[in-house]
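Open the model in your viewer, show the backbone as a cartoon, and keep the sequence panel beside it. This tour tells you what to select at each stop and what you will find there.

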Amino acid sequence: MRSNGEIKWQGELVFIGEALINEVIGMLETDDGDAAVYFGPVPLGIIDGVTLRLMRQDSTMGRGGQPPSLSSPSESDKVLPMLPV
């Protein structure tokens with residue numbers, strides 16, 4: 001993560017949070033083009049693939065009025081680390 005709390009994803013800067021500056025976070029791209037963001041096993045939110053904004057875990061509704069499905073990734077999921085640049 002960059003020194004201002006942003007990551008670069010799909011060629012755009014996305015603000016994640018200042019508390020995780022210089023920390024490694026993980027991302028798991030979903031089938032619908034979104035990306036679940038994790039700090040270790042802790043889900044932080046979902047980056048909307050259309051708006052490229054992080055929807056926090058405490059958001060009560062996801063895209064299309066559906067609750068966001070955030071849980072820890074299973075062992076078969078491939079969570080990619082995002083290293084500080």
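Among contacts in the chain between residues at least 6 apart in sequence, what percentage join residues at least 24 apart? The value is 38%, and it is worth keeping in mind that the model you are looking at is predicted.

**The whole chain**

Begin with everything selected and colour by secondary structure: the chain has seven strands and zero helices, so to speak a pattern of β-β-β-β-β-β-β when it is read along the sequence. If you then switch on the surface, you are looking at about 5400 Å² of exposed area, of which carbon and sulfur atoms supply 52%. Of the 85 residues of the chain, 33% count as buried.

**Strands β3 and β4**

Select residues 25–29, which are β3, together with residues 35–39, which are β4. These two strands run antiparallel and are joined by four bridges, and in this pairing L28 of β3 stands opposite A36 in β4. Follow the backbone through the hairpin that they form, where five residues lie between the strands and G33 in the turn has a positive phi of about 90 degrees. Now look at β4 by itself: four of its five residues are buried, and the strand is therefore largely enclosed by the rest of the structure.

**The loop residue D34**

Next select D34, which lies in the loop between β3 and β4. Is D34 buried or exposed? D34 is buried, because its relative accessible area is 6%, which is under the 20% limit for that class. Show its side chain and you can trace a reach of 2.7 Å to the backbone nitrogen of G49.

**On to β5 and β6**

Add residues 42–47, which make up β5 and run antiparallel to β4, with five bridges joining the two strands. Two of the partners to look for are A36 with I46 and A35 with I47. The hairpin of β4 and β5 has two residues between the strands, and G40 takes a positive phi near 60 degrees there.

Then add residues 54–56, the strand β6, which pairs with β5 in the antiparallel sense over three bridges. The hairpin of β5 and β6 has six residues between the strands, and here L52 takes a positive phi near 55 degrees. While β5 is still highlighted, pick out G45, which lies in this strand and counts as buried because its relative accessibility is 0%. G45 and M55 are 10 residues apart in sequence, yet their C-alpha atoms are 5.3 Å apart in space.

**The nonpolar core**

Which residues have the most contacts inside the largest nonpolar core? They are I7, W9, I16 and I47, in a core of 13 residues, to which β1, β3 and β4 each supply at least two. In soluble globular proteins, nonpolar side chains tend to be buried together. Select I47, which stands opposite L54 in β6, and display its surroundings: leaving aside residues up to four places away in sequence, I47 touches residues including I7, W9, V14, M27 and V37.

**A last stop at V24**

Finish with V24, which is in the loop between β2 and β3. V24 counts as partly exposed because its relative accessibility is 39%. Measuring from C-alpha to C-alpha, V24 and Y38 are 9.2 Å apart in space, while 14 residues separate them in sequence.

Conventions. Residues are numbered from 1 along each chain as its sequence is written. This is a predicted model: local features need pLDDT of at least 70, side-chain atom pairs count only at pLDDT 80 or more; totals for chains, interfaces and linings use all residues. Side-chain values use heavy atoms; hydrogens and water are left out. Buried means under 20% relative accessible area, exposed over 50%, partly exposed in between (1.4 Å probe, protein chains only). A nonpolar core is a set of buried Ala, Val, Leu, Ile, Met, Phe, Trp, Tyr and Cys residues joined through side-chain atoms within 4.5 Å. Contact means heavy atoms within 4.5 Å. Accessible areas come from the Shrake-Rupley method with a 1.4 Å probe; for residues, only the protein chains shown count as cover. Two strands pair if DSSP finds at least two bridges between them. A polar contact is a pair of N or O atoms within 3.5 Å; within protein, one must be able to donate a hydrogen and the other to accept it, and residues adjacent in sequence count only if both atoms are side-chain atoms.
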